[in-house]
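Here are my notes for you, written as numbered points. Keep the structure open while you read, and check each point as you go.

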Amino acid sequence: MSLADLRKEIDAIDDILVQAFADRMDLVAQVAEEKKKIDKPVLDKGRERDKLADIASKLPPDFSAVLLQNYIYLEPGYKEKLMRIPAFTKWLHEKGRYLNG
């Protein structure tokens, strides 16, 4: 396989990852909205611990360290922001629909 072919495959995978991330963040927004309705704290340490362990179990150690580091730093702050800024949730839903075609 040529370098150009390999790069095309990487680009295709990147497109899938971007879409999956956008879809996940859309669901995170929905979770935040549900938590807001029932006055539940955004951060659930037990759920986070279990989820991170699950992700780590599916990847080689070098990969999971990078992914988990970014997951930990992004998601709690993201959900906190959504809980405080309703317009941001609206924007995310519209952006998610745009990304989903």
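1. Where is the place of Asp39? Look in the loop between α1 and α2. One thing to keep in mind from the start: this is a predicted model. Asp39 comes just after α1 and takes a positive phi of about 55°. That deserves a note, since Asp39 has this positive phi although it is not a glycine. Asp39 is also exposed, because its relative accessible area is 71% and the cut-off for exposed is over 50%.

2. Now step back to the whole chain. The protein chain has four helices and zero strands. If you read along the sequence, the pattern is α-α-α-α. So when you scroll through the cartoon, helices and the pieces linking them are what you should be tracing.

3. What about the inside and the outside? The protein chain has 101 residues, and 22% of them count as buried. About 7,600 Å² is exposed by the protein chain, with carbon and sulfur atoms supplying 61% of that area. As for contacts between residues at least 6 apart in sequence, 66% of them join residues at least 24 apart.

4. Next, helix α1, which covers residues 3-37. Does its length add up, or what span should we expect? With 35 residues at 1.5 Å a residue, α1 should span 51 Å, and its end C-alpha atoms are 51 Å apart, so the two values agree. Several residues of α1 are buried, including Ala22, Met25, Val28, Ala29 and Ala32. Don't skip the charged names in that group: Asp26 and Lys35 of α1 are buried too.

5. How many salt bridges does the structure hold? The count is three. Start with the one in α1, where Glu34 pairs with Lys37 and the closest N and O atoms are 3.1 Å apart. Both residues lie in α1, three residues apart, which is about one turn of the helix. Glu34 is partly exposed at 44% relative accessibility, while Lys37 is exposed, with a relative accessible area of 63%.

6. Helix α2 (residues 45-57) has a pair to look at as well. The side chains of Lys51 and Asp54 meet in a salt bridge, at 3.5 Å from N to O. Because they are three residues apart in α2, about one helical turn separates Lys51 from Asp54. Lys51 counts as partly exposed, with a relative accessible area of 23%. Asp54 is partly exposed too, at 28% relative accessibility.

7. Stay with Asp54 for the remaining bridge. Asp54 also forms a salt bridge with Lys58, and here the closest N and O atoms are 3.0 Å apart. Lys58 counts as exposed, because its relative accessibility is 58% and the cut-off is over 50%. Which residues end up in one network? Lys51, Asp54 and Lys58 do, joined by salt bridges that share partners. Try showing those three side chains together: Asp54 takes part in a bridge with Lys51 and in another with Lys58.

How values were computed:
Residues are numbered from 1 along each chain as its sequence is written. This is a predicted model: local features need pLDDT of at least 70, side-chain atom pairs count only at pLDDT 80 or more; totals for chains, interfaces and linings use all residues. Side-chain values use heavy atoms; hydrogens and water are left out. A salt bridge is a side-chain nitrogen of Lys or Arg within 4 Å of a carboxyl oxygen of Asp or Glu. Helices (H or I, at least four residues) and strands (E, at least two) are DSSP runs, numbered from the N terminus. Buried means under 20% relative accessible area, exposed over 50%, partly exposed in between (1.4 Å probe, protein chains only). Contact means heavy atoms within 4.5 Å. Accessible areas come from the Shrake-Rupley method with a 1.4 Å probe; for residues, only the protein chains shown count as cover. The expected span of a helix is 1.5 Å times one less than its number of residues.
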